[in-house]
Amino acid sequence: MTCAVRESAGGWRCAGVRWPREVPELGWSRGGDRRVSVLAYGAGLGFRAVGERHCVGAWGNVCPLGAVVPGRSTGGRCAECARLDRAHSVAADTMADDPRTYRVYLAWFGPGMVKVGITGEERGAARLREQGAVAFSWLGRGPLMAARRTEEVLRAALGVPDRIPYAKKRAVRGQLPGTEERAGAVAELYARAAELEGRGWPESLERLPLEVVDQVGIFGLDRAPDPAPGRSVRESAPAPVRSVRELVDGGVVAGRLVAAAGPDLHLAVADGGVVVLDTRLITGWDLTAVTRATEATEVGEVGEVTGSDVRVPLIDIGGGGVQGGLF
């Protein structure tokens, strides 16, 4: 079983990973059309980047300029589309009259990495999966501005950020402590936050009980990949130490999906290691499937990936050093 990569000849471009449910999906767009490919751990995933990377547009609209964007941009948008996308986001505080209910959450990404944030209640935990939160708990629910005010109060009082760079999350993901320690860290943060109720905490925000949700299993971080031929289980499951820096025209990424967290896909590759692909780097590219015969499949069909191959620039996780040339 392999993961689908859609053919570029039909104009389909990858829109990155999304987590509407507890399995990752790759989104695809062609004009106003949208499709998804559900990913599966243990399955092969392979593609070749073709041509240039183009702006993904904003809020479902095609970029009017058809602008080319840099390969290392995690946003995948030109300056104008990025401005429009930001202006219509919850974070921009431009929707004070939004009638929907929002939730405040406390998220844990690794030792010393906690944050507070808000998300629309109708989205459930999708936002936490998108961010790669290893464990989390809801704190409260209420109107948008009450949730936003609570977020600001907690950030100032507890000294926690509203953002943690993905590079930092990546660096600790292969060395996570046990379940009890993860739950304990979230519970401690919750207790500190609850003490602030009545001290700047808006009355219209209803506090929710502590209920730690651990997402290690959802992300596949608790399972070792099946051994490669000639390798033991222990030898086959190293922590990822390299990540894709950018795609290039003709660049190939192929491997076996062993885990996923947020926008990151963990791929077991030919040398027995694991490479992390931040799918924010593949948005806007035309991608052609890599199959057994190294030919593209029809749109929506699944191709059998042969072995593993990574021929794009890589960078060391944590160290910041660039892997020389193409790997």
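Welcome to a quick tour of this fold, starting with how its chain is connected: in the protein chain, residues 24 or more positions apart account for 67% of the contacts with a separation of 6 or more. Please keep in mind that this is a predicted model. The protein chain holds 6 helices and 17 strands, and 48% of its 327 residues count as buried. The points below go from the strands to the helices, then to the rings and a few single residues.

**Strands at the start of the chain**

- Strands β1 (13-18) and β2 (25-30) pair in the antiparallel sense over 5 bridges.
- These two strands, β1 and β2, form a hairpin, with 6 residues between them.
- Within this pairing, Arg 18 stands opposite Glu 25 in β2.
- Strand β2 also pairs with β3 (residues 33-38), again in the antiparallel sense, over 6 bridges.
- Here the bridge partner of Leu 26 is Ser 37, which belongs to β3.

**Strand β14 and its partner**

- Strand β4 (residues 44-50) runs antiparallel to β14, and the two pair over 4 bridges.
- If you would like a residue to anchor your view of this pairing, try Arg 48, whose bridge partner in β14 is Thr 288.
- Thr 288 points one way from β14 together with Asp 286, while Leu 287 and Ala 289 point the other way.
- All four of these β14 residues, Asp 286, Leu 287, Thr 288 and Ala 289, are buried.
- Thr 283 lies in the loop between β13 (274-278) and β14 (286-289).
- With a relative accessibility of 9%, Thr 283 counts as buried, because the cut-off for that label is under 20%.
- Setting aside residues up to four places away in sequence, Thr 283 touches Cys 14, Ala 15, Gly 16, Arg 53, Val 56 and Gly 76.

**Helix α5, a helix with two faces**

- Helix α5 (residues 179-194) has 16 residues, which at 1.5 Å a residue should span 22 Å; its end C-alpha atoms are 23 Å apart, in agreement with that expectation.
- Its buried residues are Arg 182, Val 186, Leu 189, Tyr 190, Ala 193 and Ala 194.
- Seen down the axis of α5, these buried residues fall within an arc of 135°, so they line one face of the helix.
- An α-helix has 3.6 residues a turn, so residues three or four places apart point the same way.
- On the face of α5 turned away from the buried side you will find the exposed residues Glu 180, Glu 181 and Glu 188.

**Aromatic rings and the charges over them**

- The model has 2 aromatic pairs.
- One of them joins Trp 19 and Phe 219 in an edge-to-face arrangement, 5.4 Å centre to centre with 75° between the planes.
- Trp 19 sits in the loop between β1 and β2, whereas Phe 219 belongs to helix α6 (residues 216-219), so this pair ties together parts that are 200 residues apart in sequence.
- Both partners, Trp 19 and Phe 219, are buried.
- Phe 136 and Trp 138 also make an edge-to-face pair, because their ring planes stand at 75°, with centres 5.4 Å apart.
- Phe 136 and Trp 138 are buried too.
- Trp 138 has a further partner in Arg 103, whose charged end sits over the Trp 138 ring, 5.2 Å from its centre.
- Lys 169 lies over the face of Tyr 166, at 4.0 Å from the ring centre.

**Two buried residues around helix α3**

- Thr 150 is part of helix α3, and its relative accessibility of 2% makes it count as buried.
- Beyond its neighbours within four places in sequence, Thr 150 is in contact with Val 104, Pro 202 and Leu 205.
- Ile 164 is found in the loop that runs between α3 (144-158) and α4 (166-172).
- Ile 164 is likewise buried, having a relative accessible area of 11%.
- Leaving out neighbours within four places in sequence, Ile 164 contacts Phe 109, Met 113, Val 114, Lys 115 and Lys 169.
- The C-alpha atom of Ile 164 is separated by 9.2 Å from that of Gln 131, 33 residues apart from it along the chain.

Methods: Residues are numbered from 1 along each chain as its sequence is written. This is a predicted model: local features need pLDDT of at least 70, side-chain atom pairs count only at pLDDT 80 or more; totals for chains, interfaces and linings use all residues. Side-chain values use heavy atoms; hydrogens and water are left out. Buried means under 20% relative accessible area, exposed over 50%, partly exposed in between (1.4 Å probe, protein chains only). Contact means heavy atoms within 4.5 Å. Rings of Phe, Tyr and Trp (its six-membered ring) pair if their centres lie within 6.5 Å; planes under 30 degrees apart count as stacked, over 60 as edge-to-face and the rest as tilted. A charge sits over a ring if NZ of Lys or CZ of Arg is within 6 Å of the ring centre and within 35 degrees of the ring normal. Two strands pair if DSSP finds at least two bridges between them. The expected span of a helix is 1.5 Å times one less than its number of residues. The arc is that of the directions from the helix axis to the C-beta atoms.
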